[in-house]
Amino acid sequence: MYFAALLARTEDGWEASDTELDNVEALSDLTDLAREASVDEDTVLVVIEQEDAWFGVVRIDGEEDPRIYVSDAAAASRSSYGEILLTDELLGRDPADPDALEELVDLDGTEDGEPDEEVGEDAAVDEGDAVPAGPLGDITILADLGLEEKALLSLGTDALAEVAEALGAAEVLETVR
């Protein structure tokens, strides 16, 4: 089960709202959603949790690029919402070439539909595509808001409540949970 919430900083503290991610297909969609919730281009946090598996935090400050932290990248990579957060940049990969799709000969990756000789149990796995187990991203993402790196790294699977508590936003979070 997933839960996602937006925490938007205001002059009066934090405002919380739960959010549906059904129409979010990419990090840019998530960033746009967060910016819409922003008050005067102030900080917005998007926290996504998958029960007992992983959580992720995306921080948007005005028009700056989003900052991302994922508690367990390998677990998140097996989730459609996690894949949104695991960008090529975060994983240290070269961005996919958008023109490469035009060069495909067949959808199965072979020419003229012929079977690929390396398909099967003995096929080599590109080590550069492996997603690391454990935390990935900006561990200082919440440090200036009261949640130091060590505390972030030690958060459990109910991270949203613990993040909200550290930010002084626990009461407003309860209104959306």
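In this predicted model, the largest pocket is lined by L27, D65, P66, R67, I68, T87, E89, L90, G137 and D138. Two elements each give two or more residues to this lining, namely β5 (67-70) and α4 (88-91). The volume of the largest pocket is about 170 Å³. Sorted by class, its lining is made up of four charged, four nonpolar and two polar residues.

A step back from the pocket shows the overall architecture. The protein contains six strands and seven helices. Read from the N terminus, these elements follow the order β-β-α-β-β-β-α-α-α-β-α-α-α. The chain has 177 residues, and 38% of them count as buried. Among contacts with a separation of 6 or more, 55% are between residues 24 or more positions apart in the protein. On the outside, the accessible surface comes to about 10,700 Å², and carbon and sulfur atoms account for 44% of that surface.

The interior is the next topic. The largest nonpolar core has 26 residues, and those touching the most other members are L30, I48, V58, V70, L85 and L86. Strands and helices both contribute here: β1 (2-10), β3 (43-50), β4 (54-61) and β5 each supply at least two residues of this core, as do α1 (27-37), α2 (73-76), α3 (80-85) and α4. A second core, separate from this one, holds 24 residues, including F3, A5, W14 and V176.

V58 offers a friendly place to look more closely at the largest core, being one of the residues there that touch the most other members. Which residues is V58 in contact with, leaving aside its neighbours within four places in sequence? The partners of V58 are L27, L30, V44, L45, V46, P66, R67, I68, L85 and I141. Of these partners, L30 and L85 are also listed with V58 among the core residues touching the most other members. Other partners of V58, including L27, P66, R67 and I68, appear in the lining of the largest pocket.

One last residue deserves a look for its backbone. Most residues other than glycine have a negative phi. E41, although not a glycine, has a positive phi of about 55°. E41 sits in the loop between α1 and β3. Is E41 buried or exposed? With a relative accessibility of 53%, E41 counts as exposed, because the cut-off for that class is over 50%.

Terms used. Residues are numbered from 1 along each chain as its sequence is written. This is a predicted model: local features need pLDDT of at least 70, side-chain atom pairs count only at pLDDT 80 or more; totals for chains, interfaces and linings use all residues. Side-chain values use heavy atoms; hydrogens and water are left out. On a 1 Å grid over the protein atoms alone, a cavity is a set of points where a 1.4 Å probe fits but cannot get out, and a pocket is an open set with protein on both sides within 12 Å along at least five of seven lines; lining residues have an atom within 4 Å of a point. Grid points are joined across faces, edges and corners, and a volume is the space filled by probe spheres set on the points. Helices (H or I, at least four residues) and strands (E, at least two) are DSSP runs, numbered from the N terminus. Ala, Val, Leu, Ile, Met, Phe, Trp, Tyr, Cys and Pro count as nonpolar, Asp, Glu, Lys and Arg as charged, and the others, Gly among them, as polar. A nonpolar core is a set of buried Ala, Val, Leu, Ile, Met, Phe, Trp, Tyr and Cys residues joined through side-chain atoms within 4.5 Å. Buried means under 20% relative accessible area, exposed over 50%, partly exposed in between (1.4 Å probe, protein chains only). Contact means heavy atoms within 4.5 Å. Accessible areas come from the Shrake-Rupley method with a 1.4 Å probe; for residues, only the protein chains shown count as cover.
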